[in-house]
Amino acid sequence: MTKTAERRSTEAAALPAPPGPHPGGDRRRRILLDQARAYAFLLGGLICFALFSWYPAIRAVVIAFQKYTPGSPPEWVGTANFTHVLDDPEFGAAWRNTLTFTLLALLLGFAVPFVLALVLNELRHAKAFFRVVVYLPVMIPPVVSALLWKWFYDPGAGLANETLRFLHLPTSNWSNGTDTALISLVIVATWANLGGTVLIYLAALQSIPGELYEAAELDGANLLQRIRHVTVPQTRFVILMLMLLQIIATMQVFTEPFVITGGGPESATVTVLYLIYKYAFLYNDFGGACALSVMLLVLLGAFAAVYLRLTRTEGEA
């Protein structure tokens, strides 16, 4: 009996152990469960984004090739909407005004924030106060800001002309003059968006190692030389990114001409986005409005592609 028991014990020990939970499988299941939870939380945002961003964009491309009026079935017309828009006398003026506005906004909105950021970076006292002052226009709603500037530009009792009269200087028509209306709107847009750009530049400036400036000073570089050989090379990526984003934003200008000038005087401030508004809500021509939107989408998509390419290249570097 003893030998039999020993033999059975030896055979039992030789048998393979029953399978237990595999640690790798548990970890994989946990990862899949975490991913499922993450996508569940994102699902609401993705649905909203699809409904309010992707679907309208796709729908606009479809309507661009249709004769579409509310209350009647759409009719496919091919490229007739594009031909109609191209024949509109305001089409050339709208694109010319938009490109001019973008160029002027780059000249002002590119240089002024950078200079202000340099000044704020050199301040030793009251930095927080001046940052709030510079950022304050961003916190004002765009329509409110435009209405304030509309009163400011009033050729009669506006603050701008009253100040010029007080200084015994010649007054101006500002937003009511064909020669001055567009530059007046550029000033408004630059002032309204100044704060965010200044803070981004300021963050980029503060990330520059101080040793570079110390080395430049030891080499005898003055202020302008330090800016040229240290500041600009160290912030060139931020400058380029902000320039591309500003081009994309300024080519979609609408609030300022809509509120302040109404596209006038004599179509001097009609922009592409304002012309889209006129086609859709004044002419009731949604096909033409969508055709214009597609043209603007293609142009802005090219700038967006350059922006994404540059950011990807910088990230890989």
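Is Tyr-277 buried, partly exposed or exposed, going by its relative accessibility? Tyr-277 counts as partly exposed, at 23% relative accessibility (buried is under 20% relative accessible area, exposed over 50%, partly exposed in between, with a 1.4 Å probe and protein chains only).

## Ground rules

This is a predicted model, so local features need pLDDT of at least 70 and side-chain atom pairs count only at pLDDT 80 or more, while totals for chains, interfaces and linings use all residues. Residues are numbered from 1 along each chain as its sequence is written, and side-chain values use heavy atoms, leaving out hydrogens and water.

## Aromatic company

Tyr-277 has a ring partner in Phe-258: the ring centres sit 5.1 Å apart with planes at 80°, so this pair is edge-to-face. (Rings of Phe, Tyr and Trp, the last by its six-membered ring, pair if their centres lie within 6.5 Å; planes under 30 degrees apart are stacked, over 60 edge-to-face, the rest tilted.) By that rule there are 20 aromatic pairs.

Phe-258 is in helix H13 (residues 255–261) and Tyr-277 in helix H14, so their pairing ties together parts 19 residues apart in sequence. (Helices are DSSP runs of H or I with at least four residues, strands are E runs of at least two, and numbering goes from the N terminus.) Phe-258 is partly exposed too, with a relative accessible area of 37%. Both belong to one aromatic cluster, along with Tyr-68, Phe-254, Tyr-274, Phe-281 and Phe-286.

## The nonpolar cores

The largest nonpolar core (buried Ala, Val, Leu, Ile, Met, Phe, Trp, Tyr and Cys residues joined through side-chain atoms within 4.5 Å) has 27 residues, and Val-85, Trp-95, Val-272, Leu-292 and Met-295 touch the most other members. Helices giving two or more residues to this core include H2 (23–63), H4 (89–122) and H15 (286–316). H15 gives the most, with eight residues.

Leaving aside residues up to four places away in sequence, Met-295 touches Phe-82, Val-85, Leu-86, Phe-91 and Trp-95 (contact being heavy atoms within 4.5 Å). A second, separate core has 17 residues, among them Leu-118, Leu-202, Ala-221 and Val-230.

## Two kinked helices

H4 runs for 34 residues and reaches 50 Å from first C-alpha to last, close to the 50 Å expected at 1.5 Å a residue (that is, 1.5 Å times one less than the number of residues). Still, H4 has a kink of about 25° centred on Ala-105 (the bend is the angle between axes fitted to the seven residues ending there and the seven starting there).

Helix H5 (residues 127–139) has a kink as well, of about 30° at Val-133, shortly before the proline Pro-137.
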